[in-house]
Structures are given as C-alpha cells and as structure tokens.
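Hello,

Here is the structure I said I would pass on. Please open it first and read the notes below with it on screen.

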Amino acid sequence: GYGVQRVYTDDRSLDETMTVRDRDVVLVPRGYHPVGAAHGYTLFYLNVMAGPRRTWRFHNDPDHAWLLNR
C-alpha cells in the first residue's frame, strides 16, 4: 500500500506532496502536514518532536475547519 503526505504553510512558501510507503520518513520543518492512506490500506502515523524546545503548537488549517463541524 501507500499513503499521501502533504506539508505546506499558510503562505505556500513550503508546499510539497509526496507518496509515502512502508518505513518512509518525512521531515516537517513547519506548517501543516495532513496524511492519508490509499483506500483499503491501513496507515500508522508517528510524530516525533526534535530540537531543544519541544512544545506542541497545534492548530488546524482554517480552510478546512468545516470538516470539524460535520
């Protein structure tokens, strides 16, 4: 199977979409990073924080906030 990972910022100065497979690693230096599995497959997604300050600053992309109100 495979998944699709997108990494992007509000201003789109970073905007990459890639196919991910078993044991792949994706660096997310900043921005949003949604991921999805192809139909019929299971995807395990693990976030690992790095650097001297490890603080979650989570927020959703406002363009997709409507999904939370379904």
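**The first hairpin**

Tyr8 stands opposite Asp15, a residue of β2. Please keep in mind throughout that this is a predicted model. Another pair to look up is Val4 and Thr19: Thr19 in β2 is the bridge partner of Val4. Both pairs belong to the contact between β1, which covers residues 3-8, and β2; these two strands run antiparallel and are joined over 6 bridges. As general background, strands of a sheet pair through backbone hydrogen bonds, and the pairing can be parallel or antiparallel.

Together β1 and β2 make a hairpin, with 6 residues between the two strands. Two residues of that loop deserve a look.

- Arg12 is found in the loop between β1 and β2. Its phi is near 65°, which is a positive value in a residue other than glycine. Is Arg12 buried, partly exposed or exposed? With a relative accessibility of 34%, Arg12 is partly exposed, because that class lies between the limits of 20% for buried and 50% for exposed.
- Thr9 also lies in the loop between β1 and β2. Thr9 has a relative accessibility of 9%, so it falls under the 20% limit and counts as buried. A polar atom of the Thr9 side chain lies 3.3 Å from the backbone nitrogen of Ser13.

**The sheet as a whole**

How many helices and strands does the protein have? There are 0 helices and 3 strands. Read from the N terminus, the order of elements is β-β-β. The strands form an open sheet, and within the sheet the order is β2-β1-β3, with antiparallel pairing. The edges are β2, residues 15-20, and β3, since each of these pairs on one side only. On average, neighbouring strands of the sheet are turned by 15° against each other, with direction ignored. It also helps to know that in a regular strand the side chains alternate between the two faces of the sheet.

**Salt bridges**

A search of the whole structure gives 2 salt bridges.

The first to look at links Arg6 and Asp15, with the closest N and O atoms 3.0 Å apart. Asp15 is the residue that stands opposite Tyr8. Arg6 has a relative accessibility of 26% and counts as partly exposed. Asp15 is partly exposed as well, with a relative accessible area of 36%.

The other links Asp22 and Arg23, and here the closest N and O atoms are 3.2 Å apart. Both Asp22 and Arg23 are exposed. Where in the chain is Arg23 found? Arg23 sits in the loop between β2 and β3. Its relative accessible area is 74%, so it passes the 50% limit for an exposed residue. Arg23 also has a positive phi, of about 75°, although it is not a glycine.

**After the last strand**

Two phenylalanines are worth finding in the segment after β3. Phe44 is placed there, with β3 itself covering residues 35-37. Phe44 is exposed, at a relative accessible area of 73%. Which residues form a nonpolar patch on the surface with Phe44? They are Leu46 and Val48, and the patch of these residues has about 410 Å² of accessible area together.

Phe58 lies in the segment after β3 too. Phe58 has a relative accessible area of 68%, which means that it counts as exposed, the limit being 50%. From Gly1, Phe58 is 57 residues away in sequence and 28 Å away in space, taken from C-alpha to C-alpha.

**Overall figures**

The C-alpha trace of the protein spans about 35 × 35 × 20 Å along its principal axes. The protein has 70 residues, and buried ones make up 14% of them. Thr9, described above, is one of the residues that count as buried.

If you want an order for going through the model, begin with the pair Tyr8 and Asp15, go on to the salt bridge from Asp15 to Arg6, and end with the surface patch of Phe44, Leu46 and Val48.

Regards

Definitions and conventions:
Residues are numbered from 1 along each chain as its sequence is written. This is a predicted model: local features need pLDDT of at least 70, side-chain atom pairs count only at pLDDT 80 or more; totals for chains, interfaces and linings use all residues. Side-chain values use heavy atoms; hydrogens and water are left out. Patches are made of residues with over 30% relative accessible area and no salt bridge: like charges are joined within 9 Å, nonpolar side chains (Val, Leu, Ile, Met, Phe, Trp, Tyr) within 5 Å. Accessible areas come from the Shrake-Rupley method with a 1.4 Å probe; for residues, only the protein chains shown count as cover. A salt bridge is a side-chain nitrogen of Lys or Arg within 4 Å of a carboxyl oxygen of Asp or Glu. Helices (H or I, at least four residues) and strands (E, at least two) are DSSP runs, numbered from the N terminus. Buried means under 20% relative accessible area, exposed over 50%, partly exposed in between (1.4 Å probe, protein chains only). Two strands pair if DSSP finds at least two bridges between them. Axes are lines fitted to C-alpha atoms, for helices over the stretch in contact, and angles run from 0 to 180 degrees between N-to-C directions. A polar contact is a pair of N or O atoms within 3.5 Å; within protein, one must be able to donate a hydrogen and the other to accept it, and residues adjacent in sequence count only if both atoms are side-chain atoms.
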